[in-house]
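This report works through a single chain, moving from local backbone features to the packing of strands and helices. Please keep the sequence and the coordinates at hand while reading.

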Amino acid sequence: MSVWADVVGQEAVVAVFEAAARSARHEAQRRADGVRPEPGRAAGAGSAMSHAWLVTGPPGSGRSTAARAFAASLQCTGPEPGCGSCKPCREVMDGSHPDVVRLATDKLLITMEEVKGLIGEAQRRPWSGRWRVILVEDADRMVERTTNVLLKSIEEPPPQTVWILCTPSAEDVLPTIRSRCRLVTLRVPPAEAVAELLVRRDGADPALAARAARASQSHIGLARHLATDPGAWQRRRRLLEAPVSLRSVGDAVLAAAELVEAAQAEADEATAERDAAEKAALLRALGLEGDSRVPPALRAQVRQLEEDHKRRARRARTDVLDRAMIDLLSFYRDVLATQMGADVDRVNVDMSQDVDQVARSTGAAQSLSRIAAIEQCRARLRSNVAPLLAVESLMVQLRPQA
Ligand SMILES: [Zn+2]
């Protein structure tokens, strides 16, 4: 199966990448034949290939999957770039190709050290592949100072280096970076395409996959979560009942506490095992047995790892809460569409009664202000405001007003 198989509903993007990969192959061939590239711009203007790419698209649209497939197509030695069956294709897809360096962070911020490391990697010549590909999955998680360090390497990469940066939108990186990259934008994939992927790749039940794709509004990660975790629907339902069930400010505060606690528990579950394994590995590497005391000289390293784990746990909790916010948004989107008499498919088919009830008892202006409140809560959660405060204030605003 070709490397593009899992890049669902993105025909235009795949076409751009395929053209680039063909052009890149031509360029690599010329280089192998000893034709010298023009200095500083191996891929000239007008070429389908570029040495810096910015892959954008809404969360869950499959940015990193698309970027990885593109990296594979650049290294591919099969008859058509991205064949999926040659050794380089398979290596890139399973993450073991020595010339595809990928930075995916589950922390809130990409550190300066990480970026410096990448720049070093970008300067090397390819070990075995045709290109040295540096893939940064969350390029929006960089502070300005860090981005500036990256800029020079992106501006004048060695002739065999390709940078691929992924962000939700082009506005998430500095204009100086943006202007040096070729922009590729993913769309929200059609729900049918997402459902089909869940059935094929994750073995989900077709009916459940269709329901999950729709409820998640084609967010691939969320859809998979709903289609494979039996508790997920229940949690979602409880959350979406909040707007009709909260009677008082007290209820709202309780609901907020419950949501934040549940998010914490889910995040802990997702990270605990990995944290423990990493700590054990570090202690072993330092020559320490399981429970022995860490000598003072080594404490800094252990503390560093623990700090990383705390950051990762925060990021995981932020992600879980953000998912809840997306679900709430979908509810009020349905409410608003109903109030406006718009003829669009409902996201929350299974909550029709609640949607109707809220649509009848409130006005469109109120729905809009609630949607704004949810967006504001999302922004506050991302900016490290205490989650409980942000969610409490939201729940109070969502509560039915008599
Ligand atoms: Zn291949």
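## The loop between α8 and α9

Gln217 lies in the loop that links α8 (206-215) to α9 (220-228), in what is a predicted model. Although Gln217 is not a glycine, its phi is positive, at about 55°, and with a relative accessible area of 31% the residue is partly exposed. Ser218 belongs to the loop between α8 and α9 as well, and here too phi is positive, at about 70°, in a residue that is not a glycine. Ser218, however, counts as buried, since its relative accessibility is 6% and the cut-off for that class is under 20%. As background to these two angles, most residues other than glycine have a negative phi.

## Strand β3 and its neighbours

How many of the 5 residues of strand β3 are buried? The count is 5 of the 5 for residues 132-136, so the strand is largely enclosed by the rest of the structure. In a regular strand the side chains alternate between the two faces of the sheet. Both faces of β3 are covered, with Arg132, Ile134 and Val136 buried on one side and Val133 and Leu135 buried on the other.

Strand β2 (residues 100-103) runs parallel to β3 and is joined to it by 4 bridges, with Val100 standing opposite Val133 of β3. The pairing of β3 with strand β4 (residues 161-167) is also in the parallel sense and extends over 5 bridges, and within it Ile134 has Trp163 of β4 as its bridge partner. Between β3 and β4 the chain passes through helix α5 (residues 144-155), forming a β-α-β crossover that is right-handed.

## Thr161 in β4

Thr161 is placed in strand β4, and its relative accessible area of 0% makes it buried. When its neighbours within four places in sequence are left aside, the residues in contact with Thr161 are His51, Ala122, Arg124, Trp131, Arg132 and Ile134. Two of these names return from the description of β3, where Arg132 and Ile134 are buried on one side of the strand, while Ala122 is one of the buried residues of helix α4.

## Helix α4

Helix α4 (residues 112-123) contains 12 residues, and the distance from its first C-alpha to its last is 17 Å, close to the 16 Å expected at 1.5 Å a residue. Its buried residues are Met112, Val115, Leu118, Ile119 and Ala122. Because they cover an arc of only 120° around the axis, they fall on the same side of α4. Glu113 and Lys116, by contrast, are exposed on the other side of the helix. The elements against which the buried residues of α4 pack are β2, β3, α5 and β4.

## Helix α14

Which span should the 19 residues of helix α14 (residues 364-382) have at 1.5 Å a residue? The expected value is 27 Å, and the end C-alpha atoms are 27 Å apart, which agrees. The buried residues in α14 are Ser367, Arg370, Ile371, Ala373, Ile374, Cys377, Arg378 and Leu381. Because they cover an arc of only 155° around the axis, they lie on the same side of α14, and on the other side Ala365 and Arg382 are exposed.

The buried residues of α14 pack against α12 (296-339), α13 (352-361) and α15 (387-398). Following the helix is Asn384, whose phi is positive, near 70°.

## Cysteines

How many disulfides does a search of the whole structure find? The search finds 0 disulfides. Cys181 is in no disulfide, and the nearest cysteine sulfur, which belongs to Cys166, is 11 Å away, whereas a disulfide would require the sulfur atoms to be within 2.5 Å. Cys181 is nevertheless buried, with a relative accessible area of 12%, and Cys377, which is among the buried residues of α14, has a relative accessibility of 2%.

## Ala265 in helix α11

Ala265 is found in helix α11 (residues 249-285), and at 45% relative accessibility it counts as partly exposed. Along the chain Ala265 and Ala5 are 260 residues apart, and in space their C-alpha atoms are separated by 34 Å.

Key: Residues numbered from 1 in each chain as written. Predicted model: local features only at pLDDT ≥ 70, side-chain atom pairs only at ≥ 80, totals over all residues. Heavy atoms only, no water. Buried < 20%, exposed > 50% of the residue type's maximum accessible area, 1.4 Å probe, protein only. Pairing = 2+ DSSP bridges. Right-handed = clockwise from strand over helix to strand, strands pointing away. Expected span 1.5 Å × (residues − 1). Arc of directions from axis to C-beta. Contact = heavy atoms within 4.5 Å.
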